[in-house]
Amino acid sequence: MTVAVTGASGQLGRLVVEALLREGVTPVAVVRDPAKVADLADRGVEVRQATFDDPESLDRAFAGVDRVLLISGNEFGKRVEQHTNVIRAAERAGVELLAYTSIPQAGNNPQILAQEHIGTEAVLADSTVPYVLLRNGWYWENYTRGLAHAVDTGVLYGAAGQGRVSGAARADYADAAAHVLTTDGHAGQVYELGGDEGLTYVELAQAISDAAGKPVRYEDLPQADYAAALEKGGLPAGFAQALADADSGISIGILEVNSGHLHKLLGRPAVPAVEVFRAALS
């Protein structure tokens, strides 16, 4: 079986490659810049250069490939078009399964970050390639960028109200993807993926406090104020708005996942948030 992983030089992609190697499958790493995965090539991973904007390069990348993991791209505003190029290349290659990393509740998710996932899922639904949706929930690592600031100030800011987020470690989502790519019976499935614990931001602050050994409390802000604070902290305005909007989605339960799908695919509990934060602070 030949498995191709797009975005293999990225944070999630690398973890999927490592998980596949542990499963005894040597994947094809599809990347824009082969130099970024020279270490993987040294370990026997086949590296193929391609970009989502170049259909011919994708045809070369998928030649002889049985299964593809399409990790959603990071060029916001262009992702549906780019993902469509990948899907069409997978169709031309006759792949037996394409797995796509989407977002929870994509069918009724109002978040800004969900819209291009919704568009991509629509393209997949009209395609001829067998596919499986990996609707990845929030990564606990999404909070590690501001971890030091929260610990230093003793305050975690957000706009999530009393909503719960069922996060998981990035490596857990990677392990689940590797399992889907190396086992059968997943075509046509929709996996709503989230960790075993659904935390409010008050509980999230407590997890940070436990990891740091210092008190951290949660302060809830109006969405516009939180976006302004993120922008003041150095984030581009559009990204700050999207993150604040994501918190608003959490407040209405969009990122609370109770399916148990991640636990089932992993065959074990997901890594708790406190462990991810403790590792980030060490």
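1. Before anything else, a term: a crossover is called right-handed if, with the strands pointing away from the viewer, the path from the first strand over the helix to the second runs clockwise. Keep that in mind while looking at this predicted model. Strand E1 (residues 3–6), helix H1 (residues 11–22) and strand E2 make a right-handed β-α-β unit here.

2. Now for how E2 sits beside its partners. E1 and E2 pair in the parallel sense, over three bridges. On the other pairing, E2 and strand E3 (residues 46–49) also run parallel, joined by four bridges. Val 28 is a handy residue to click on: Ala 4 stands opposite Val 28, and Val 28 in turn stands opposite Glu 46 in E3.

3. Take a look at the side chains of E2 (residues 28–31) too. Val 28 and Val 30 point one way, while Ala 29 and Val 31 point the other way. In a regular strand the side chains alternate between the two faces of the sheet. All four of these E2 residues are buried.

4. Moving along the chain, have a look at His 186, which is found in the loop between helix H7 (170–182) and strand E8 (190–193). Is His 186 buried or exposed? His 186 counts as buried because its relative accessibility is 7%, and the cut-off for buried is under 20%.

5. What surrounds His 186? The side chains of His 186 and Thr 183 are joined by a polar contact of 2.6 Å. Leaving aside neighbours within four places in sequence, His 186 is in contact with Tyr 131, Val 132, His 179, Val 180, Tyr 191 and Leu 265.

Methods
Residues are numbered from 1 along each chain as its sequence is written. This is a predicted model: local features need pLDDT of at least 70, side-chain atom pairs count only at pLDDT 80 or more; totals for chains, interfaces and linings use all residues. Side-chain values use heavy atoms; hydrogens and water are left out. Buried means under 20% relative accessible area, exposed over 50%, partly exposed in between (1.4 Å probe, protein chains only). Helices (H or I, at least four residues) and strands (E, at least two) are DSSP runs, numbered from the N terminus. Two strands pair if DSSP finds at least two bridges between them. A polar contact is a pair of N or O atoms within 3.5 Å; within protein, one must be able to donate a hydrogen and the other to accept it, and residues adjacent in sequence count only if both atoms are side-chain atoms. Contact means heavy atoms within 4.5 Å.
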